[in-house]
Amino acid sequence: MAMELPDQRLRQREYLLKISRAITAQLDLTSVLDLVITVAVEMLAGNAGLIALSDDELGTEPTPPQQIYAAAGIPSAALPAFRRLLALPIETLGKPNASAVLREIAGETGLPLRQVIALPLTVAAAPVGTIYVFRAALNVSFNVDEARLLQAFADQAAIAVSNARLYQSVLREKQRLDAMIEQSADGVMIIDARWRITTFNKAMEQLTGWNRTEAIGRPCAEVLGVRDAQGANICLVDCPLQRRPPLNNPIVEGWLTSRDGRERYIQSRYAAQRSSTGAFLGAIANVRDITEQKRDEQLQNTFISVISHELKTPVSIIKGYASTFQREDAAWTLAAMREGFRVIEAEADRLARQIQDLLDVSRLQASGMRLELSDWSLPELAASVVQAFAAQTQDRFTFELRFTDDLPPVHADYERIRMVLTNLISNAIKYSPHGGRIRIGGHPLPELNQALGYVADQGEGIPPEEQERIFERFYRIDNRLRRTTQGAGLGLYLSRAIIEAHGGKIYVESQVGRGSRFIFTLPLARRQITGETV
Ligand code: ADP
């Protein structure tokens, strides 16, 4: 019955409505408080007003200090003068002391302030601030109705404060979560009910090579296209989040090609959010790069198959000869028996070498390499290794030693470098199916105080993309020779470990079909005070 309401009531209602709308429409606390105080001053026929809020959000102090958040009819330069008033308890405001303070403020600011009415703003029964309205007139003091009216405005202001604080705390919590997600060492991705990416952290960018601005909004299966061993995109063909009935903790594992072409093996764990009816609402994915773990696992499998193959072969040859020699129905010539024993010895040596290689590899992993260093001549060692090979290879190979005369002794572990040379020369023979020339040589690198040595063959060569990989553990090039030659893929791995333990380098220069040259460096013996090398 709006017509029956007194004019002022009507305006009051209109204003309160306007304020409530402002509260729901915007979360900007200051503009709502500005509106509240302007309207309150007008409604109470005041000439100025203030809203002050206590800054102690936790409410730990009994009377937390208040700050002015909104004012009407007071120039901002005059606001500091009101601090004294804010410090006074509301109940004392009508008392002479408080009136004296008000007079002082009026004197200082030149504002006609003779009366004040103040009410607390309370949120959930806790005071969060105060609303003040000032009047210039002395004759008409604030009455009960006006106090009630101000209370309505105070309540509105309190709602705005409560909303704003709630919003602030939600915002802070969101920022905290965002920071946690962003800083997480694992990739974190959030997807919505339509499988589109909504959050994509820094680790995800590094893992996938996708920029977050491009990734957000795209289907997750496009950005995180995890492939199984057969190359199928698991996220497309068998998304674990779409299984029926839903899985508890879905996981996807597989290969991921990042946009910059890197191959990573990743594990993605999902926490799905579902409605009460089981509909998919979204999920958070925690994505981890487990490439190293996967490689170790693959290496272990290779290790087992290499061991079983490489160690079994000589054992079965030895066993074969031993059991044939025992047959009573066969008569053996001395020459045949000698040949048999030669094979047994060669195979036993091979077995011993393989075992030694494996022991070296595991020792290397456990505790690095300990060297027994001394000074000795590299050409002499090369000559003795070549001699042993030349006896076995008959006419298929010619060996050439090409060391310059000015090569000083090296300072290195003799037995281990013998192993390196043996590996390199044995490879030169193994991977030159048509024989040819094998050249072993070296010269000093005086500026580095090192010797450079090499083993060069005219064999089948190594393609450029394989030239680094052949130094990896158990790595063998996948070609025809791999099937016809024996080997565990450890020789070059160990050779590199030995040369690097000396502070040297080993690498290969090669052309397919033309041959390979393995080059290594070793420290020279230190010069003595006399200036001669030892
Ligand atoms: P293994 O000879 O037991 O296979 P290595 O570690 O000595 O193991 O060599 C690794 C791989 O590098 C070999 O399997 C072969 O494919 C390649 N390789 C090594 N030396 C040569 C060479 N001189 N010529 C061509 N390929 C070679």
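## Exercises: a helix pair and a ligand site

Helix 10 passes helix 11 in a left-handed crossing (the near helix is turned anticlockwise from the far one by less than a right angle). This is a predicted model, where local features need pLDDT of at least 70, side-chain atom pairs count only at pLDDT 80 or more, and totals for chains, interfaces and linings use all residues. Residues are numbered from 1 along each chain as its sequence is written, and side-chain values use heavy atoms, leaving out hydrogens and water.

**Exercise 1.** Work out how helix 10 is oriented relative to helix 11.

*Solution.* Start with the two elements: helix 10 spans residues 291-326 and helix 11 residues 334-367 (DSSP runs of H or I, at least four residues). Next, take the angle, about 160°, with the axes 10 Å apart (lines fitted to C-alpha atoms over the stretch in contact, with angles from 0 to 180 degrees between N-to-C directions). Helix 10 is therefore roughly antiparallel to helix 11 (angles over 145 degrees).

**Exercise 2.** Find the polar contacts that the ligand makes with Asp 457, Ile 477 and Leu 492.

*Solution.* Look for pairs of N or O atoms within 3.5 Å. Begin at Asp 457, where a side-chain N or O atom is 2.9 Å from a nitrogen atom of the ligand. Then turn to the backbone: a polar atom of Ile 477 is 3.2 Å from a ligand oxygen, and an N or O atom of Leu 492 lies 2.8 Å from an oxygen atom of the ligand. Finally, check the cover: the ligand alone exposes 530 Å², of which the protein buries 97% (Shrake-Rupley method, 1.4 Å probe).

Terms used. A polar contact is a pair of N or O atoms within 3.5 Å; within protein, one must be able to donate a hydrogen and the other to accept it, and residues adjacent in sequence count only if both atoms are side-chain atoms. Angles under 35 degrees count as roughly parallel, over 145 as roughly antiparallel, 65 to 115 as roughly perpendicular and the rest as oblique.
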